[in-house]
Amino acid sequence: MEHLIRHRVTNDLSDDFKINVARRESRQVKPHWHDFYELELCIEGTGKSLINGVESLVVPGTLFFLTPTDYHSMEADDKFQIVNLTFAPYCIEYSDFSELLSLTQAVATTLKPEEMQKLLMLIDMIEQEGMSRQFLNQKYASHLLACIMIEILRIRRYKSMPEEAYNLPMQKLIYYIHSHFRENITLNTAAEFVGLSPGYVSKLFVKNLGIGFCELLTQLRLKQAENLLVHSGESITDIAFFCGFHSPSHFLRSFEQSYGVSPRQFRKNSQKS
């Protein structure tokens with residue numbers, strides 16, 4: 001799927017603390033996805049954005065918060081000035097933000113001027129920490145990032161996940177599966193990622209999210225496949241492999257069980273509607 005570009009996070013602070021601030025002018029952001037979390041704030045310019053196939057207007061103050069399951073593009077009427085913050089969730093020490101980090105859909109909203117200025121100030125401070133290399137700069141940046149998450153939660157006020165889900169192992173597991181669901185991951189590789197036993201990880205998923213590891217993995221893959229069926233012209237086979245299914249037949253069975261129709265029929269129905 002050549003038209004979907006994959007981006008990887010770069011580092012301002014260190015190789016084991018993945019966080020980066022970038023500022024750019026752009027007329028067009030090509031369709032892409034990434035294996036990290038991204039906050040994108042439009043400072044100047046107007047145009048449109050396409051997030052998971054849903055189009056929305058972009059104006060000064062438009063904020064996007066994107067997870068590894070989202071793909072998006074932007075096109076300016078003239079050009080955008082954008083501030084971009086990318087990070088891995090373990091850059092935040094506070095587990096209270098797993099609510100936001102575990103969302104499978106993007107946040108897209110327009111900020112009030114005072115809200116935009118507050119976020120810009122916090123992003124500027126993170127950027128300065130990356131340049132200064134001062135004592136405890138990772139700790140400082142982590143706290144600043146936590147403040148940004150609070151601001152976004154205040155703006156959007158999403159429903160919380162179960163209280164038991166607010167723990168670092170669960171947060172890391174959610175990040176792992178969201179970042180790698182297109183790959184051949186297993187319960188064992190997820191357990192290895194957080195340094196826990198597969199049996200314990202399996203119980204964590206059921207206790208905190210109410211579903212098992214394999215069920216959540218399949219849900220994420222099917223959601224991505226649904227977006228691509230509706231908003232791309234890729235073949236069923238390409239979509240199956242791109243979304244992490246090991247064979248087209250496996251994809252067909254899983255899709256029909258969840259949606260009641262074949263992927264091909266689902267695409268036809270969406271085109272009619």
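Mentor: Let us begin with a definition: the expected span of a helix is 1.5 Å times one less than its number of residues. The model in front of you is a predicted one, and its chain has 10 helices and 8 strands.

Trainee: How do you know that the span of α9 agrees with what is expected?

Mentor: Helix α9 has 12 residues, which at 1.5 Å a residue should span 16 Å, and its end C-alpha atoms are 16 Å apart, so the two values agree. Helix α7 can be treated in the same way: with 19 residues, α7 reaches 27 Å from its first C-alpha to its last, close to the 27 Å expected at 1.5 Å a residue.

Trainee: What puts the buried residues of α9 on the same side of the helix?

Mentor: The buried residues in α9 are Phe251, Ser254 and Phe255. Around the axis they cover an arc of only 100°, which puts them on the same side of α9. As background, an α-helix has 3.6 residues a turn, so residues three or four places apart point the same way. What covers the buried residues of α9 includes α7, α8 and α10, and just after α9 comes Gly260, with a positive phi of about 80°.

Trainee: How do you know that the buried residues of α10 line one face of that helix?

Mentor: In α10, which runs over residues 263-272, the buried residues are Pro263, Phe266 and Arg267. Seen down the axis of α10, these residues fall within an arc of 100°, so they line one face of the helix. The face turned away from that buried side carries the exposed residues Arg264 and Lys272, while the buried residues of α10 pack against α7 (213-231), α8 (236-242) and α9 (248-259).

Trainee: Why is Ser49 called buried?

Mentor: The relative accessible area of Ser49 is 1%, and a residue is called buried when this value is under 20%, so Ser49 meets the condition. Ser49 is found in strand β4, residues 47-51. Leaving aside neighbours within four places in sequence, Ser49 is in contact with Val54, Glu55, Ser56, Val58, Phe64, Ser73 and Met74. With one of these, Ser73, there is also a polar contact, in which the side chain of Ser49 reaches the backbone oxygen of Ser73 at 3.3 Å, and this counts because the cut-off is 3.5 Å.

Trainee: Why does Val21 count as buried?

Mentor: Val21, found in strand β2, has a relative accessibility of 8%, and the limit is again 20%, so Val21 counts as buried. Over the chain of 273 residues, 50% count as buried.

Trainee: What makes β4 and β5 a pair of strands?

Mentor: Two strands pair if at least two bridges are found between them, and β4 is joined to β5 (residues 54-58) by 5 bridges, so the condition is met. The two strands run antiparallel, and in β5 the bridge partner of Lys48 is Leu57. They form a hairpin with 2 residues between them, and Asn52 in the turn has a positive phi of about 50°. Strands β6 and β8 also run antiparallel, joined by 4 bridges, and in β8 the partner of Thr62 is Thr110.

Trainee: How do you know which side chains of β8 point to which face?

Mentor: Along β8, residues 107-110, the side chains alternate, with Val107 and Thr109 pointing to one face and buried, whereas Ala108 and Thr110 point to the other and are not buried.

Trainee: What makes a group of residues a nonpolar core?

Mentor: Its members must be buried residues of kinds such as Leu, Ile and Phe, joined through side-chain atoms within 4.5 Å. The largest such core here has 28 residues, and those with the most contacts inside it are Leu39, Phe65, Leu85, Phe87, Ile126, Leu145 and Ile148. At least two residues of this core come from each of β2, β3, β6, β7, α2 and α3. There is also a second, separate core of 18 residues, which includes Ala191, Leu204, Leu216 and Leu220. Of these, Leu216 and Leu220 are among the buried residues of α7.

Trainee: Which residues does Leu39 contact, beyond its neighbours within four places in sequence?

Mentor: Leu39 is in contact with Leu63, Phe64, Phe65, Val83, Asn84, Leu85, Ile123, Ile148 and Ile152.

Note on methods: Residues numbered from 1 in each chain as written. Predicted model: local features only at pLDDT ≥ 70, side-chain atom pairs only at ≥ 80, totals over all residues. Heavy atoms only, no water. Buried < 20%, exposed > 50% of the residue type's maximum accessible area, 1.4 Å probe, protein only. Contact = heavy atoms within 4.5 Å. Arc of directions from axis to C-beta. Polar contact = N/O pair within 3.5 Å; in protein donor to acceptor, adjacent residues only side chain to side chain.
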